[in-house]
Amino acid sequence: MSTTSVPITGRDGSALDLDDSHLDALGSDLDGSLLRPDDDGYAESVSLWNGMITKRPAIVARAASVDDVVRTVRFSADHDVELSIRGGGHNIAGLALCDGGVTLDMSGRNAVEVDAGARKARVEAGALLGDVDRATQQHGLAVPLGFVSLTGVGGLTLGGGFGYLTRRFGWTVDDLDEVEIVLADGSVNRASREENADLFWALRGGGGNFGVVTEFTFRLHEVGPQITGGVIAWPAAEAERVLRSLIRHPAS
């Protein structure tokens, strides 16, 4: 019986031919869906904020569960193919996509669960900043996130994360309590200051390729839902007095 092979990019950048039956098997195992370039939904899954990025993965796995993340990570490891992770797709360099490889699209996992009493929020890795703000502001609470509501929580947090509230409450990772993460062997782990502390340290701004985070737990602060904001300007003659005041009151 003849089989069809699919050209796909290997982890080392080489060109591989993968038996089409392996892709069919992965697709049938997913709770979400497996998309190829001609499928409905593919264009949406590879759409990025930076329209100049022209990378096109061979397949997109749209995760609907943590198990889907595990299956896709193990598939990529077993077949030694390149894997990229797409959250919000806002990174200007286009790191969410890999040419000819496998892209794991997390955008469908965007739930936000707020525990107002404990001042904690559990956020799935595909959520956007706007998703988090809408959920937390119902309780007058907030995480110090970024400036643009369409930015993905995952990429922003794992890069450190700063925005309008940073000067008062610190970087996003300063209020990160815990993550759920799928490692390269497909195991699901928790990382925090108490558990897998070295991994947790690395995830808070240490770069990529430590695993695929599937959920973040953040501490929340009282902010809003109504705030006063704007630009304050002084004449140049007042510069010395203003700067001295800022040095004395850096978080005001």
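This briefing describes the nonpolar cores, the aromatic pairs, the largest pocket and a few individual residues of the structure above. The model is predicted, and the values below are computed from it. The largest nonpolar core holds 44 residues, and the largest pocket has a volume of about 1300 Å³. The structure also holds 4 aromatic pairs, while arginine 219, in strand β12, is described at some length for its contacts.

**Nonpolar cores**

- Of the 44 residues in the largest nonpolar core, those that touch the most other members are Val69, Phe75, Val153, Val179 and Phe216.
- Helix α3, which covers residues 66-78, gives the most to this core, with 5 residues.
- Apart from this core lies another one, made of 8 residues, and Leu35, Tyr42, Val46 and Ile53 are among them.
- When residues up to four places away in sequence are not counted, valine 69 touches Ala63, Leu104, Met106, Val182, Val212 and Thr214.

**Aromatic pairs**

- Among the 4 aromatic pairs of the structure is an edge-to-face pair formed by phenylalanine 147 and phenylalanine 162, with 5.8 Å from centre to centre and 80 degrees between the planes.
- This pair links distant parts of the chain, 15 residues apart, since phenylalanine 147 sits in the loop between β9 (141-142) and α5 (153-158), and phenylalanine 162 in the loop between α5 and α6 (166-169).
- Phenylalanine 147 is partly exposed, with a relative accessible area of 45%, and phenylalanine 162 is likewise partly exposed, with a relative accessible area of 45%.
- Another pair, formed by phenylalanine 216 and phenylalanine 218, is stacked, with 5.8 Å from centre to centre and 15 degrees between the planes.
- Phenylalanine 216 counts as buried because its relative accessibility is 0%, and phenylalanine 218 also counts as buried, at 0% relative accessibility.
- One aromatic cluster is formed by Phe147, Phe162, Tyr164 and Trp171.

**The largest pocket**

- The largest pocket, with its volume of about 1300 Å³, is lined by 43 residues, of which Ser84, Ile85, Gly208, Asn209 and Gly211 are the closest to its centre.
- The largest share of this lining, 5 residues, comes from α5, and at least two residues of the lining are supplied by each of α3, β5 (83-86), α5 and β12.

**Arginine 219 and its contacts**

- Arginine 219 lies in strand β12, which covers residues 212-219, and counts as partly exposed because its relative accessibility is 29%, between the limits of 20% and 50%.
- The side chain of arginine 219 reaches the backbone oxygen of aspartate 174 at 2.5 Å, and the side chain of arginine 219 also makes a polar contact of 2.6 Å with the side chain of aspartate 177.
- Leaving aside its neighbours within four places in sequence, arginine 219 is in contact with Arg119, Lys120, Ala142, Val143, Asp174, Asp175, Asp177 and Arg193.
- Arginine 219 and proline 144 are 75 residues apart along the chain, yet their C-alpha atoms are separated by 9.5 Å.
- Arginine 219 and glutamate 44, by contrast, are 175 residues apart in sequence and 32 Å apart in space, C-alpha to C-alpha.

**Three further residues**

- Glutamate 44 has its place in helix α2, residues 42-45, and counts as exposed because its relative accessibility is 53%, which is over 50%.
- Apart from neighbours within four places in sequence, glutamate 44 is in contact with Arg62 and Arg86.
- Aspartate 131 is found in helix α4, residues 129-137, and counts as buried because its relative accessibility is 19%, which is under 20%.
- The side chains of aspartate 131 and arginine 134 are joined by a polar contact of 2.8 Å, and, with neighbours within four places in sequence left aside, aspartate 131 is in contact with Asn110 and Val112.
- Serine 192 is found in strand β11, residues 188-192, and is buried, with a relative accessible area of 6%.
- Beyond its neighbours within four places in sequence, serine 192 is in contact with Asp177, Glu178, Ala197 and Phe200, and Asp177 is also one of the contacts of arginine 219.

Note on methods. Residues are numbered from 1 along each chain as its sequence is written. This is a predicted model: local features need pLDDT of at least 70, side-chain atom pairs count only at pLDDT 80 or more; totals for chains, interfaces and linings use all residues. Side-chain values use heavy atoms; hydrogens and water are left out. Helices (H or I, at least four residues) and strands (E, at least two) are DSSP runs, numbered from the N terminus. Buried means under 20% relative accessible area, exposed over 50%, partly exposed in between (1.4 Å probe, protein chains only). A polar contact is a pair of N or O atoms within 3.5 Å; within protein, one must be able to donate a hydrogen and the other to accept it, and residues adjacent in sequence count only if both atoms are side-chain atoms. Contact means heavy atoms within 4.5 Å. A nonpolar core is a set of buried Ala, Val, Leu, Ile, Met, Phe, Trp, Tyr and Cys residues joined through side-chain atoms within 4.5 Å. Rings of Phe, Tyr and Trp (its six-membered ring) pair if their centres lie within 6.5 Å; planes under 30 degrees apart count as stacked, over 60 as edge-to-face and the rest as tilted. On a 1 Å grid over the protein atoms alone, a cavity is a set of points where a 1.4 Å probe fits but cannot get out, and a pocket is an open set with protein on both sides within 12 Å along at least five of seven lines; lining residues have an atom within 4 Å of a point. Grid points are joined across faces, edges and corners, and a volume is the space filled by probe spheres set on the points.
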